[in-house]
Amino acid sequence: MSQEIEIEFKNLISEAEFYQLLARYPFPEQAITQTNYYFETGDFALKERGCALRIREKKDQFVLTLKEPHPNGLLETHDTLTRQEAHAIMNGTYFNKSHVFQRLNAMHISVPSLVYYGKLTTNRRETEFEDVLLVLDHSLYNNTSDYELEIEAPTEQIGLHVFHQILEQQEIIRRDTPNKIERFFSTLSNCRDN
């Protein structure tokens with residue numbers, strides 16, 4: 001298990017702004033593909049507590065992550081999984097070794113009540129810039145596609161400074177940006193209608 005505090009700033013961007021940023025900053029030519037598999041209870045107990053639960057598959061590695069509110073950002077608890085364990089969880093089989101599941105039990109969220117709702121695939125490019133990690137994402141989920149600028153920072157002050165600087169210099173307006181799991185769940189009914 002590992003835990004970390006995540007301090008990040010996000011802004012949804014247009015496809016044109018995505019390519020503008022891609023040309024302006026030293027992002028790698030090739031994106032890395034990652035897939036998030038999202039879980040929630042039937043009564044949205046995680047959302048009610050401001051939490052999110054996912055398994056991320058990246059470079060054939062699987063990590064179970066619980067995100068919880070924290071005064072300085074988000075507290076993330078991680079457990080590394082084998083491919084078999086990840087697929088077992090997606091199929092409703094849970095096991096006791098997980099620190100994430102122990103955290104859920106401590107919040108009185110029944111692990112067997114978790115439901116796998118679907119996946120979101122992101123083509124991600126990352127680069128170091130002025131003491132932050134700049135991230136450009138193109139995400140695909142439930143017949144939807146979007147683009148996002150994300151900044152991961154060591155402190156809120158550094159992150160906000162770089163975030164505002166990039167938006168101002170690139171003449172990108174600040175947009176309300178729900179996190180990926182919120183965007184994913186907001187499109188579930190749209191996907192079922194198609």
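**View 1. Tyr-116 and its ring partner, Tyr-37.** In this predicted model, Tyr-116 counts as partly exposed, because its relative accessibility is 29% and that class runs between 20% and 50%. Tyr-37, at a relative accessible area of 10%, is buried. Put the two rings together and you get a tilted aromatic pair, with 6.2 Å from centre to centre and 50° between the planes. Tyr-37 belongs to strand 3 (residues 32–41) and Tyr-116 to strand 7 (residues 114–129), so this pair ties together parts that sit 79 residues apart in sequence.

**View 2. Phe-184 and Phe-185, ring against ring.** Here the ring centres are 5.2 Å apart and the planes meet at 85°, so this pair is edge-to-face. Both Phe-184 and Phe-185 are buried. They also belong to one aromatic cluster, together with Tyr-38, Phe-44 and Tyr-117. In total, the model has twelve aromatic pairs.

**View 3. Arg-24 over a ring.** Rings can have charged company too: the charged end of Arg-24 sits over the ring of Tyr-25, 4.6 Å from the ring's centre.

**View 4. Glu-150 and its two salt-bridge partners, Arg-124 and Lys-180.** With Arg-124, the bridge spans 3.7 Å from N to O. Glu-150 is in strand 9 (residues 144–152) and Arg-124 in strand 7, so the two are 26 residues apart, linking distant parts of the chain. Both ends are tucked away: Glu-150 counts as buried at 2% relative accessibility, and Arg-124 is buried as well, at 7%. With Lys-180, the closest N and O atoms are 3.9 Å apart. Lys-180 comes from helix 6, 30 residues from Glu-150, and it is buried too.

**View 5. Arg-183 meets Glu-148.** This salt bridge brings the closest N and O atoms to 3.2 Å. Arg-183 lies in helix 6 (residues 180–186) and Glu-148 in strand 9, so the pair ties together parts 35 residues apart in sequence. Arg-183 is buried at 5% relative accessibility, while Glu-148 is buried at 0%. Zoom out a bit, and shared partners join these residues into one network of salt bridges, whose members include Glu-8, Lys-10, Glu-148, Glu-150, Lys-180 and Arg-183. The structure holds 17 salt bridges.

**View 6. The largest pocket.** About 1,200 Å³ of space lies in this pocket. It is lined by 48 residues, and the closest to its centre are Glu-6, Glu-8, Arg-54, Lys-67 and Leu-74. As for what the lining is made of, 20 residues are charged, 18 nonpolar and ten polar.

Technical notes:
Residues numbered from 1 in each chain as written. Predicted model: local features only at pLDDT ≥ 70, side-chain atom pairs only at ≥ 80, totals over all residues. Heavy atoms only, no water. 1 Å grid on protein atoms, 1.4 Å probe; cavity = no way out; pocket = protein on both sides within 12 Å on 5 of 7 lines; lining within 4 Å. Points joined across faces, edges and corners; volume = space filled by probe spheres on them. Nonpolar A, V, L, I, M, F, W, Y, C, P; charged D, E, K, R; others polar. Phe/Tyr/Trp six-rings, centres within 6.5 Å; stacked < 30°, edge-to-face > 60°. Helix = DSSP H or I, 4+ residues; strand = E, 2+ residues; numbered from the N terminus. Buried < 20%, exposed > 50% of the residue type's maximum accessible area, 1.4 Å probe, protein only. Lys NZ or Arg CZ within 6 Å of the ring centre and 35° of its normal. Salt bridge = Lys/Arg side-chain N within 4 Å of Asp/Glu carboxyl O.
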